[in-house]
Amino acid sequence: MRNIIKKDAEVKDMISANEDYIGFSDFALRGIKQAEFKITAIDVDAVPIPMSSKTQQCVVATLEGQNKALIISAGKRKQLIKIFGEFKNWLGKTIVVEADPTKTFKGKVTGGLNIIGEGKK
């Protein structure tokens, strides 16, 4: 059985290399494999590109009870569309996010996050 965290409070104070966005390190440093989050807003924001001094425009989700947002990459966008349909349907939905230690960035294994389904909240 998967270890799904039922309460946002359990992931609220996670430590991360990025203070603005939830990332793999938030899960890894706490030994968490999965967590559920409720999407409360969708915005476009200038996000710092890892290993660079540049930023890029990204879709980001504000999550209920969290002080960090979740970057919605192209892959995550496709998954959300598959689960919930159009962009406007995402608000108020709960998602299950899973840490994936095999994800790569610029050819290096960095770990990453996947949206694996709809939450139960």
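Start by selecting D26 and K68 in this predicted model. Both residues are buried. They form a salt bridge, with the closest N and O atoms 2.8 Å apart. Where do D26 and K68 lie? D26 is in helix 1, residues 24-28, while K68 is in the loop between strand 3 (55-63) and strand 4 (69-72), so the salt bridge ties together parts that are 42 residues apart in sequence.

Next, select K33 and E98. This pair is also a salt bridge, and its closest N and O atoms are 3.8 Å apart. K33 sits in the loop between helix 1 and strand 2 (34-48), and E98 sits in strand 5 (residues 94-100), so the parts tied together are 65 residues apart in sequence. Are K33 and E98 buried or exposed? K33 is partly exposed, at 45% relative accessibility, whereas E98 is buried, at 15%. The count of salt bridges is two.

Now select F87 and W90. The model has one aromatic pair. The ring centres of F87 and W90 are 4.9 Å apart and the planes stand at 65°, so the pair is edge-to-face; the cut-off for that label is over 60 degrees. W90 is buried, with a relative accessible area of 0%, and F87 is partly exposed at 40%.

Finally, show the whole chain and colour it by secondary structure. There are two helices and eight strands, and from the N terminus the order is β-α-β-β-β-α-β-β-β-β. Of the 121 residues, 37% are buried. Switch to a surface view: the chain exposes about 7,300 Å², and carbon and sulfur atoms supply 52% of that area.

Terms used
Residues numbered from 1 in each chain as written. Predicted model: local features only at pLDDT ≥ 70, side-chain atom pairs only at ≥ 80, totals over all residues. Heavy atoms only, no water. Helix = DSSP H or I, 4+ residues; strand = E, 2+ residues; numbered from the N terminus. Buried < 20%, exposed > 50% of the residue type's maximum accessible area, 1.4 Å probe, protein only. Areas by Shrake-Rupley, 256 points an atom, 1.4 Å probe, with all protein chains shown as cover. Phe/Tyr/Trp six-rings, centres within 6.5 Å; stacked < 30°, edge-to-face > 60°. Salt bridge = Lys/Arg side-chain N within 4 Å of Asp/Glu carboxyl O.
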